[in-house]
Amino acid sequence: MSNHLANERSPYLRQHRDNPVDWYPWGAEAFEKAKREDKPVFLSIGYATCHWCHVMAEESFENAEVAAVLNRDFVPVKVDREERPDVDAVYMEVCTALNGSGGWPLTVVMTPEQQPFFAGTYLPRLSRGGRVGLLPLLRALAGRWKSDRASLTKTGTEITAFLRREAAPAAGRADRALLLRAAAQLRDSYDAAYGGFGAAPKFPAPQTLLFLLRMAKLEGDKTLRPMAEHTLRQMYRGGIFDHLGGGFCRYSTDQEWLAPHFEKTLYDNALLALCYTEAWQEGRYALWRGVAESTLDYCLRELRAENGGFFSGQDADSEGEEGKYYLFTPDEVCRVLGPEDGKHFCECYDITAEGNFRGRSIPNLLLNQRWNLIPEGYDDFRETLRLYRAGRCRLRTDTKLLSGFNGLMLAALARAAWVFDDKRYLAAAEELAVFLLRTAGAEEPARFAAVCYGDTPAGLPAQLDDCVFTALGLLELYRADFDAAHILQAKALADFVTAHFADPKGGFFRSSDTAEALIKRPKELWDGALPSGNSGAAVLFERLCRLTGEASPSEQADALLDFLCARTEDYPAAAPFALTALLGRVYGTKELVCVHDTPTAMLAGLSSRYAPELTLLLKRPGDETLARAAPFTAAMTQREGKPTYYLCENGVCGLPFTE
């Protein structure tokens with residue numbers, strides 16, 4: 001018998017609709033029931049492609065004994081963290097404050113007034129290995145709710161007050177010294193042997209790599225780019241990269257990048273494709289382009305919806321087993337490719353009889369030091385095995401279309417389109433922009449939806465990330481097609497953010513001033529798996545300042561960077577995406593305006609060069625769209641019918657030239 005999730009559209013919630021647990025979606029009905037029946041709320045947050053979410057569901061939420069306790073003593077509520085990142089942000093902060101770390105599935109028990117008194121992550125059904133089990137925990141909390149409720153509500157009140165506190169900012173400054181300190185912190189945490197930062201589990205951290213690439217170029221520090229390039233190379237060589245189908249898994253469980261957590265997410269692959277594309281611009285190293293294209297092609301092949309949007313990701317599990325889809329044995333490879341070709345493929349990609357993951361092998365190049373490029377002569381083998389793998393078992397896809405993730409994908413496609421001069425990526429980017437603007441509603445920011453299922457918005461209003469990442473994607477698309485309408489569209493989203501997300505005390509909230517009120521209005525300042533919305537907003541305002549020449553985005557960028565840098569003073573490396581905006585403020589910018597009907601050879605040549613300080617604009621004679629978007633170009637005219645250029649530096653434009 002279905003529970004209250006039967007009519008939900010989230011793939012994650014639908015995975016739980018036939019549980020014996022009487023799940024409710026997040027909303028007034030659940031909390032009114034909790035008040036009416038005088039019960040605490042049991043909140044479980046996860047997402048459709050999460051391995052440990054599946055494990056906890058199978059162990060506990062499909063178990064009749066656990067369901068009986070939950071249904072009798074609690075009001076169970078299920079949340080898809082990608083549908084409601086605001087709810088997840090609030091209660092993940094609780095979990096991190098209480099336990100020092102967080103993750104998914106996120107498990108929270110709270111009062112009917114949404115005040116939490118317990119938070120944790122994955123819990124086994126029964127206690128084992130020093131970890132409390134869900135069943136004994138539920139029984140203990142239910143008993144305390146009846147016998148000692150005052151202490152639980154007191155804990156909930158204290159935790160809520162702690163959440164709402166505001167730490168005093170440091171007296172830091174957004175300047176070059178802060179950038180140098182962030183670079184030094186990254187240098188200290190850098191893994192010189194295997195690339196990346198810190199110990200296992202090891203995350204790709206694409207926004208950190210983008211900061212290092214740009215900082216290296218502008219500062220002239222020859223120690224920074226090698227850290228980024230070594231990390232990019234080792235991630236590609238490891239098992240975290242799908243050598244058959246392209247794209248990257250979520251993170252590595254080990255230091256060497258060998259054994260990943262096998263889920264693939266749209267946002268990781270969008271950001272990593274952007275990283276490899278940007279790395280290619282300096283030196284045009286073939287490997288970087290190959291990995292970028294392979295990653296984008298994976299997304300186009302397996303995550304693209306019919307309406308031009310992109311699905312959220314693919315599952316870590318296949319047929320109930322983590323990573324099964326990606327694993328091979330030598331016998332299997334030789335059966336598919338033939339004995340001789342199979343033997344060579346296994347030697348190249350470390351597929352052995354003993355295996356490197358639970359008795360089978362994750363294809364990788366870590367032990368083969370020859371391969372600092374994509375191995376030549378293996379394309380047909382990889383494609384044959386990819387097709388075989390797709391027929392062997394299936395990957396579950398989370399079919400949510402999330403606006404923020406799609407905004408990042410738009411940026412990645414658009415950058416690849418103009419850097420690689422690839423019309424296929426440009427067509428995909430333009431179709432994706434149409435999806436975001438019309439289907440999701442970004443062309444009228446007040447009706448912009450955070451989530452769509454097919455062509456239907458889910459009724460959840462866009463959050464900060466959705467607005468900011470979509471606007472950044474549109475600005476990248478301007479670089480590719482020079483349609484100034486994209487600048488105006490991005491400006492409208494930026495104005496909406498300023499009007500509805502701003503905190504008078506500084507920074508931007510995750511949710512708008514018209515959104516559902518939670519126990520705290522979340523505001524994220526540090527980058528995690530994704531850049532924070534505030535980091536993204538800093539980059540957006542800095543980009544708009546360059547493109548439009550207007551004072552307002554410049555002032556907003558300065559104020560936001562000062563706010564963020566004061567709050568990350570002790571560890572500025574925690575907000576590397578915001579620091580990419582600070583680079584323009586510290587090292588200066590240049591804008592080159594070409595007045596001509598079409599992009600010129602000069603613009604085409606500059607497009608693929610690596611010059612983070614340079615912004616290119618095209619003003620077509622007779623088209624006033626750019627003049628509306630960038631008023632400083634209004635008086636710029638063509639000379640003698642020739643392509644005419646205006647070079648501006650730090651807000652001052654020089655005389656026009658035609659050669």
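What follows walks through strands, a few individual residues and the salt bridges of a predicted model. Residues are counted from 1 along each chain as its sequence is written, and side-chain values rest on heavy atoms, with hydrogens and water left out. Since this is a prediction, local features need pLDDT of at least 70 and side-chain atom pairs count only at pLDDT 80 or more, while totals for chains, interfaces and linings use all residues.

Strand S3 is a handy place to start. Helices (H or I, at least four residues) and strands (E, at least two) are DSSP runs numbered from the N terminus. S3 covers residues 75-80, and six of its six residues are buried; buried here means under 20% relative accessible area, exposed means over 50%, and partly exposed is anything in between (1.4 Å probe, protein chains only). Val75, Val77 and Val79 point one way from S3, while Pro76, Lys78 and Asp80 point the other way. Two strands count as paired if DSSP finds at least two bridges between them. S1 (residues 24-25) runs parallel to S3 over two bridges, with tyrosine 24 opposite valine 77. S2 is also parallel to S3, joined by six bridges, and valine 41 has valine 75 as its bridge partner there.

Phenylalanine 42 sits in S2, which spans residues 41-46. Its relative accessible area is 0%, so phenylalanine 42 is buried. Contacts (heavy atoms within 4.5 Å) help fill in the picture: leaving out residues up to four places away in sequence, phenylalanine 42 touches, among others, Trp23, Phe61, Phe74, Val75, Val77, Val109 and Leu138. One of these partners, Phe61, is also among the buried residues of helix H3. H3 (residues 51-61) is mostly covered, with eight of its eleven residues buried.

Further along the chain, S16 (residues 590-595) has five of its six residues buried. S16 pairs in parallel with S17 (residues 614-619) over six bridges, and leucine 592 stands opposite leucine 616 in S17. Together with helix H23 (residues 601-607), S16 and S17 make a right-handed β-α-β unit; right-handed means that, with the strands pointing away from the viewer, the path from the first strand over the helix to the second runs clockwise. S16 also pairs with S18 (residues 644-649), this time in the antiparallel sense over six bridges, and glutamate 591 has cysteine 648 in S18 as its bridge partner. Elsewhere, an open sheet of three strands has the order S13-S14-S15 with antiparallel pairing. S13 (401-402) and S15 (456-457) stand at the edges with a single partner strand each, so one side of each has no neighbour in the sheet.

Turning to charge, salt bridges are scored when a side-chain nitrogen of Lys or Arg lies within 4 Å of a carboxyl oxygen of Asp or Glu, and the count comes to 49. Aspartate 242 and arginine 389 form one such bridge at 3.0 Å, N to O. That pair links distant parts of the chain, 147 residues apart: aspartate 242 is in the loop between H10 (224-237) and S6 (251-252), and arginine 389 is in helix H15 (residues 379-392). Aspartate 242 is buried at 6% relative accessibility, and arginine 389 is buried at 1%. Glutamate 278 and arginine 415 meet at 2.8 Å, N to O. Because glutamate 278 lies in H11 (residues 266-281) and arginine 415 in H16 (residues 403-420), this bridge ties together parts that are 137 residues apart in sequence. Both belong to a network of salt bridges that links Arg214, Glu278, Arg415, Glu476 and Arg479.

Aspartate 527, in the loop between H19 (485-500) and H20 (533-548), is another story. This residue is buried yet has no salt bridge, and the nearest side chain of opposite charge, arginine 510, is 10 Å away; Lys and Arg count as positive and Asp and Glu as negative, with His and the chain ends not counted. A polar atom of the aspartate 527 side chain does lie 3.0 Å from the backbone nitrogen of serine 532. Leaving aside neighbours within four places in sequence, the contacts of aspartate 527 include Gln207, Ser535, Pro576 and Phe577.

Conventions
A polar contact is a pair of N or O atoms within 3.5 Å; within protein, one must be able to donate a hydrogen and the other to accept it, and residues adjacent in sequence count only if both atoms are side-chain atoms.
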